[in-house]
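Morning, everyone. I have one model to walk through, and I'll keep it quick. Please have the viewer open.

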Amino acid sequence: MNKQVQINPQTQLANLGEELNVPFLKLLGVRFLSAEMGKGEILLALKPEHTNTWAVAHGGVLLTLMDVAMAVAARSGDPSDRSVVTIELKNNFMQAANGILRVKADTVRRTATMAFCEAKLYNDQGEICCMATGTFQYIKRLPTRNAKGERVVNEDLHSE
């Protein structure tokens, strides 16, 4: 008798990619896959708390994923290794999304101060569920505050 073992998405992702050092993204469970030469790729295994009343991915979750992937792409293409802030974000929801979601983003154009990016979000069947464009401004990496209120530079960041 052949019995197929079902592994839940969170277990499948346990050893895939890296966790991003951003509290909100840790809470969501976003996994970082790659960042190189103006490209970025992330994924998320949807949990019930990521869904809306129709039991599909909430639009806010999808928009967050698109924003993060494009920011990763913008940062990976910057020779000065600066951070970015989102200036503008436009998203087109094309179909409901479920399962393990993968976002692939590219930097379309980069100037001295801005990056113009695009991204596509795929479900686990490889279908495009939404597409986005975004504009990001490069900024100097700044220290943040720890739980004690002390100014620190995050471990994945450095001061310039």
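Which side chain does lysine 39 meet in a salt bridge? It is aspartate 106, at 2.6 Å from N to O. Before I go on: this is a predicted model.

Now place that pair. Lysine 39 sits in strand β3, and aspartate 106 sits in strand β5, residues 100-110. They are 67 residues apart, so the pair links distant parts of the chain. Lysine 39 is partly exposed, with a relative accessible area of 45%. Aspartate 106 is partly exposed too, at 25%.

How many salt bridges does the structure hold? Three. Here is another one. Arginine 102 and glutamate 41 meet through their side chains at 2.7 Å, N to O. Arginine 102 lies in β5 and glutamate 41 in β3, so this pair ties together parts that are 61 residues apart in sequence. Is glutamate 41 buried or exposed? Buried, because its relative accessibility is 15% and the cut-off for buried is under 20%. Arginine 102 counts as partly exposed, at 32%.

One more salt bridge. Arginine 82 meets aspartate 78 at 3.0 Å, again N to O. Both arginine 82 and aspartate 78 are buried.

Next, the sheet. It is open and has seven strands, paired antiparallel. Read across, the order is β1-β2-β3-β5-β6-β7-β4. Which strands are at the edges? They are β1, residues 18-19, and β4, residues 83-93. Each of them pairs on one side only.

Start from the β4 edge. β4 pairs with β7, residues 128-139, over 10 bridges in the antiparallel sense. For a register check, valine 84 stands opposite tyrosine 138 in β7.

Then move to β7 and β6. Those two are antiparallel over nine bridges. Their hairpin has five residues between the strands. Look at glycine 126 in that hairpin: its phi is positive, near 85 degrees.

On to β5 and β6. This antiparallel pairing runs over eight bridges. A hairpin of three residues joins the two strands.

Cysteine 117 is a handy marker here. Threonine 107 stands opposite cysteine 117 in β6. In β7, the bridge partner of cysteine 117 is glycine 134.

Stay on β6, residues 114-122, and look at its faces. Which residues make up the covered face? Ala115, Cys117, Ala119 and Leu121. The uncovered face has Met114, Phe116, Glu118, Lys120 and Tyr122. Why the every-other pattern? Because side chains in a regular strand alternate between the two faces of the sheet.

Tyrosine 122 from that uncovered face comes up again. The charged end of lysine 104 sits over the ring of tyrosine 122, 5.9 Å from the ring centre. The cut-off for that distance is 6 Å. How many aromatic pairs does the structure hold? Zero.

Last stop, histidine 50. Where does histidine 50 lie? In the loop between β3, residues 39-45, and α3, residues 59-76. Histidine 50 counts as buried because its relative accessibility is 3%. What is histidine 50 in contact with, leaving aside neighbours within four places in sequence? Leu28, Leu44, Ala45, Val56, Ala57, His58 and Val61.

To recap: three salt bridges, an open sheet of seven strands, and a buried histidine 50 in a loop. That's my slot. Questions, please.

Terms used: Residues are numbered from 1 along each chain as its sequence is written. This is a predicted model: local features need pLDDT of at least 70, side-chain atom pairs count only at pLDDT 80 or more; totals for chains, interfaces and linings use all residues. Side-chain values use heavy atoms; hydrogens and water are left out. Rings of Phe, Tyr and Trp (its six-membered ring) pair if their centres lie within 6.5 Å; planes under 30 degrees apart count as stacked, over 60 as edge-to-face and the rest as tilted. A charge sits over a ring if NZ of Lys or CZ of Arg is within 6 Å of the ring centre and within 35 degrees of the ring normal. Two strands pair if DSSP finds at least two bridges between them. Helices (H or I, at least four residues) and strands (E, at least two) are DSSP runs, numbered from the N terminus. Buried means under 20% relative accessible area, exposed over 50%, partly exposed in between (1.4 Å probe, protein chains only). Contact means heavy atoms within 4.5 Å. A salt bridge is a side-chain nitrogen of Lys or Arg within 4 Å of a carboxyl oxygen of Asp or Glu.
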